[in-house]
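Work through the exercises below with the sequence and the model side by side. Try each task before reading its solution.

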Amino acid sequence: VRVEFLDYEVLDDYGWSLDDGDLFRKASHADLDESEHGRLLVQPDESLLEGAENRGFGWPFSCRGGACANCAVYLVEGEISQPANHIMPDDLADRGFRLSCNGYPVSDELRVVFNVKHLDELDDLIL
Ligand code: FES
């Protein structure tokens, strides 16, 4: 599964929003570090977080078990599975937030913003 990723801190720095339709195009044109914006391949037996780690990226996490939301990502394109037992409230899940520690990509391509734990909506969930 091909994943294009972007660090939420970049959105903060540049004043971009998760709703920007051309978020990833803007990211391509900005001079970003390869840890902030880039692509990686996730293997079928890897969660999104494991895929990022195994390719050398240090994405945020804590419990690794769906209970803390530190690993949350925002889905711009594609889909990630979500186990029944998780901390993400339905309204946030409906808006495209997922946990990367136990979420497995289920589409061929993904575009995600990682590090979204700094968003106000998620701040309350972080344990
Ligand atoms: Fe805690 Fe994913 S690391 S929910």
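**Exercise 1. Decide whether Ala69 is buried or exposed, and describe its backbone.**

Step 1. Ala69 has a relative accessibility of 1%, so it counts as buried; buried means under 20% relative accessible area, exposed over 50%, and partly exposed in between, with a 1.4 Å probe and protein chains only.

Step 2. This is a predicted model, in which local features need pLDDT of at least 70 and side-chain atom pairs count only at pLDDT 80 or more, while totals for chains, interfaces and linings use all residues. Residues are numbered from 1 along each chain as its sequence is written, and side-chain values use heavy atoms, with hydrogens and water left out.

Step 3. Ala69 lies in the loop between helix 3 and strand 3. Helices (H or I, at least four residues) and strands (E, at least two) are DSSP runs, numbered from the N terminus.

Step 4. The phi of Ala69 is near 70 degrees, a positive value in a residue other than glycine.

**Exercise 2. Find where Asn115 lies and state its phi.**

Step 1. Asn115 is in the loop between strand 5 (109-114) and helix 5 (120-123).

Step 2. Its phi is positive, about 70 degrees, although Asn115 is not a glycine.

Step 3. Asn115 has a relative accessible area of 7% and is therefore buried.

**Exercise 3. Describe the surroundings of Gly65.**

Step 1. Gly65 sits in the loop between helix 3 (48-54) and strand 3 (72-77).

Step 2. The relative accessibility of Gly65 is 48%, so it counts as partly exposed.

Step 3. Leaving aside residues up to four places away in sequence, Gly65 touches Cys101 and Asn102; contact means heavy atoms within 4.5 Å.

Step 4. From Gly65 to Asp94 there are 29 residues in sequence and 20 Å in space, C-alpha to C-alpha.

**Exercise 4. Classify the ring pairs that involve Phe114 with Phe5 and with Trp59.**

Step 1. Apply the rule: rings of Phe, Tyr and Trp (its six-membered ring) pair if their centres lie within 6.5 Å; planes under 30 degrees apart count as stacked, over 60 as edge-to-face and the rest as tilted. The count by this rule is 6 aromatic pairs.

Step 2. The ring centres of Phe5 and Phe114 are 5.9 Å apart and the planes stand at 65 degrees, so this pair is edge-to-face. It links distant parts of the chain, with Phe5 in strand 1 and Phe114 in strand 5, 109 residues apart.

Step 3. The ring centres of Trp59 and Phe114 are 4.3 Å apart with planes at 5 degrees, so this pair is stacked. Trp59 is in the loop between helix 3 and strand 3, and Phe114 in strand 5 is 55 residues away in sequence.

Step 4. Trp59 has a relative accessible area of 4% and is buried; Phe114, at 4% relative accessibility, counts as buried.

Step 5. Phe5, Phe57, Trp59 and Phe114 form one aromatic cluster.

**Exercise 5. Which residues does Ser100 touch, and is it buried or exposed?**

Step 1. Ser100 lies in the loop between strand 4 and strand 5, and its relative accessibility of 1% counts as buried.

Step 2. Not counting residues up to four places away in sequence, Ser100 touches Ser47, Leu48, Leu49, Cys71 and Val73.

Step 3. A polar atom of the Ser100 side chain lies 2.8 Å from the backbone oxygen of Cys71.

How values were computed: A polar contact is a pair of N or O atoms within 3.5 Å; within protein, one must be able to donate a hydrogen and the other to accept it, and residues adjacent in sequence count only if both atoms are side-chain atoms.
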